[in-house]
There are 2 protein chains.
Amino acid sequence: MNSPKRATSKEHGPVKGGAAVTADLPTATALKLWVVLARSHDAIVEVLKADIDRHDLTIAEFAVMEALYHKGPQLLGEIQKRILVSSGGMTFLVDRLAKRGLAERQNCQSDRRARYAALTKKGDKLMQSIFPEHAAVIHKAMKGLKQSEQRELTALLKTLGKEAGRLAAETPACKAAMAEQE
Amino acid sequence: MNSPKRATSKEHGPVKGGAAVTADLPTATALKLWVVLARSHDAIVEVLKADIDRHDLTIAEFAVMEALYHKGPQLLGEIQKRILVSSGGMTFLVDRLAKRGLAERQNCQSDRRARYAALTKKGDKLMQSIFPEHAAVIHKAMKGLKQSEQRELTALLKTLGKEAGRLAAETPACKAAMAEQE
DNA sequence: TATGTAACTCTCACTACTGAGATACTAATG
DNA sequence: CATTAGTATCTCAGTAGTGAGAGTTACATA
């Protein structure tokens, strides 16, 4: 599973031994949305994890391979930003894939600090055999919604994510940046 | 951050050094939805993590406290199901909260296997001071959408999550259950 | 009552990841 | 050039969390 998710429900007022919680309506709406979003996300992750597990890959490993498969060789840093792991994690992931012969590092001539990661033939073959299946699993996991609904959902989430992303980018970096400036 | 997330985009056909990928339209729609869902989820998690961090709590710890705060004392197993951690993780989390004096264990008279977890006074006070702020952060993270849109989104996600949850419950448990039956 | 099965928590070895630095290089500026 | 800042990866110690299994206790049924 993924990150532990909140347990909040609309039960307000004193519960046996619990606390009274009062929130205004917009906040309550947002909280509810978050609970539902987190839960559906986790449910899907679980389905995907079960699928990926069958090929002895972690979700992170699969994410790296997927990035390489779809976008071709990339700098480690690029992949890192895409799949959201730490720098240490990125190195570790490529190491592991390399050890299994699924990916390899390539030096960058124009910048000798940088290294590309790329799929090996074996890795590419694996993805070719795995990915369509994986896509089918996602398709199946989404089949609770009609296509039109899926598109609507996508649009809403995109808007939501854009704002949240802006907020996220602001918060921790700002903290560091502000501290630097002293 | 949470679980590493996919990098798929709609770029199909051969990319520099990459592979050709062809998916039928419904699958492409589902894939896209998943990418967007995962990204917005992660963005929000990042925002929340930054908030929770300020109180020296992990997301998992906060989730436990939140469950106790809103629903009162509960069996460890109940919390576990709610916040989706392993049994070992559950024990560990309560240990840690107990060590900090924020939560405590209580024996259950009717079932001596079971133990309740409950917030201490200190833990309850902490939640009282933290939670409204936390709710405000969520509210802020969601402010890219109007309330009506948020409700719409909630409804769609609920449908999606229900189906995905059914699928998730089926997959890994079934595997184990089937194996048992031999 | 005996007995098998299920339900709870806890233990422990293990793993995937993080985050702070180290190292190596590039680039901009005086 | 020399210096300083910035960027890219890698190292490594530390940590949160997993999952299989042990130890208890409850419960249903013969």
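1. Helices, as the term is used in this note, are DSSP runs of H or I with at least four residues, numbered from the N terminus. The model is predicted. With that convention, H4(A) gives the most to the surface near DNA strand C, supplying five residues.

2. The fold of chain A. Chain A holds six helices and three strands. Read from the N terminus, its elements follow the order α-α-β-α-α-β-β-α-α. The chain has 182 residues, and 47% of them are buried. Among contacts in chain A with a separation of 6 or more, 56% are between residues 24 or more positions apart. Chain A exposes about 9,000 Å², of which carbon and sulfur atoms supply 55%.

3. Helix H2 of chain A. This helix covers residues 59-71, which is 13 residues. From its first C-alpha to its last it reaches 18 Å, close to the 18 Å expected at 1.5 Å a residue. Is H2(A) mostly covered or mostly open? Mostly covered: 13 of its 13 residues are buried. An α-helix has 3.6 residues a turn, so residues three or four places apart point the same way. After H2(A) comes A:Gly72, with a positive phi near 80°.

4. Surroundings of DNA strand C. The strand is surrounded by 21 residues, and the closest are A:Ser86, B:Leu76, B:Gly77, B:Arg113 and B:Arg115. By class, the surface near DNA strand C has six nonpolar, eight polar and seven charged residues. Three helices each supply at least two residues of this surface: H4 (87-99) of chain A, and H3 (76-83) and H4 (87-99) of chain B.

5. Atoms of DNA strand C at the protein. Which part of the strand do the atoms within 4 Å of the protein belong to? Sugar or phosphate accounts for 63% of them, and bases for the rest. Backbone atoms of chain B approach phosphate oxygens of DNA strand C at two residues listed here. A backbone N or O atom of B:Gly77 is 2.5 Å from a phosphate oxygen, and a polar backbone atom of B:Leu76 is 2.7 Å from a phosphate oxygen. From chain A, an N or O atom in the side chain of A:Arg96 lies 2.9 Å from a sugar or linking oxygen of the strand.

6. Surroundings of DNA strand D. There are 22 residues around this strand, and A:Leu76, A:Gly77, A:Arg113, A:Arg115 and B:Arg113 come nearest. Of the atoms of DNA strand D that come within 4 Å of the protein, 66% are sugar and phosphate. The surface near the strand has seven nonpolar, eight polar and seven charged residues. H3 (76-83) and H4 of chain A, together with H4 of chain B, each supply at least two of its residues. H4(B) has the largest share, with six residues.

7. Polar pairs at DNA strand D. Two of the pairs listed here involve bases. An N or O atom in the side chain of A:Ser87 is 2.8 Å from a base nitrogen, and one in the side chain of B:Arg113 is 3.2 Å from a base oxygen. At a phosphate oxygen of DNA strand D, the partner is an N or O atom in the side chain of B:Ser86, 2.8 Å away.

Terms used: Residues are numbered from 1 along each chain as its sequence is written. Chains are lettered from A and ligands numbered from 1 in the order in which they are written. This is a predicted model: local features need pLDDT of at least 70, side-chain atom pairs count only at pLDDT 80 or more; totals for chains, interfaces and linings use all residues. Side-chain values use heavy atoms; hydrogens and water are left out. A residue is near a molecule or strand if one of its heavy atoms lies within 4 Å of it. A polar contact is a pair of N or O atoms within 3.5 Å; within protein, one must be able to donate a hydrogen and the other to accept it, and residues adjacent in sequence count only if both atoms are side-chain atoms. Ala, Val, Leu, Ile, Met, Phe, Trp, Tyr, Cys and Pro count as nonpolar, Asp, Glu, Lys and Arg as charged, and the others, Gly among them, as polar. The expected span of a helix is 1.5 Å times one less than its number of residues. Buried means under 20% relative accessible area, exposed over 50%, partly exposed in between (1.4 Å probe, protein chains only). Contact means heavy atoms within 4.5 Å. Accessible areas come from the Shrake-Rupley method with a 1.4 Å probe; for residues, only the protein chains shown count as cover.
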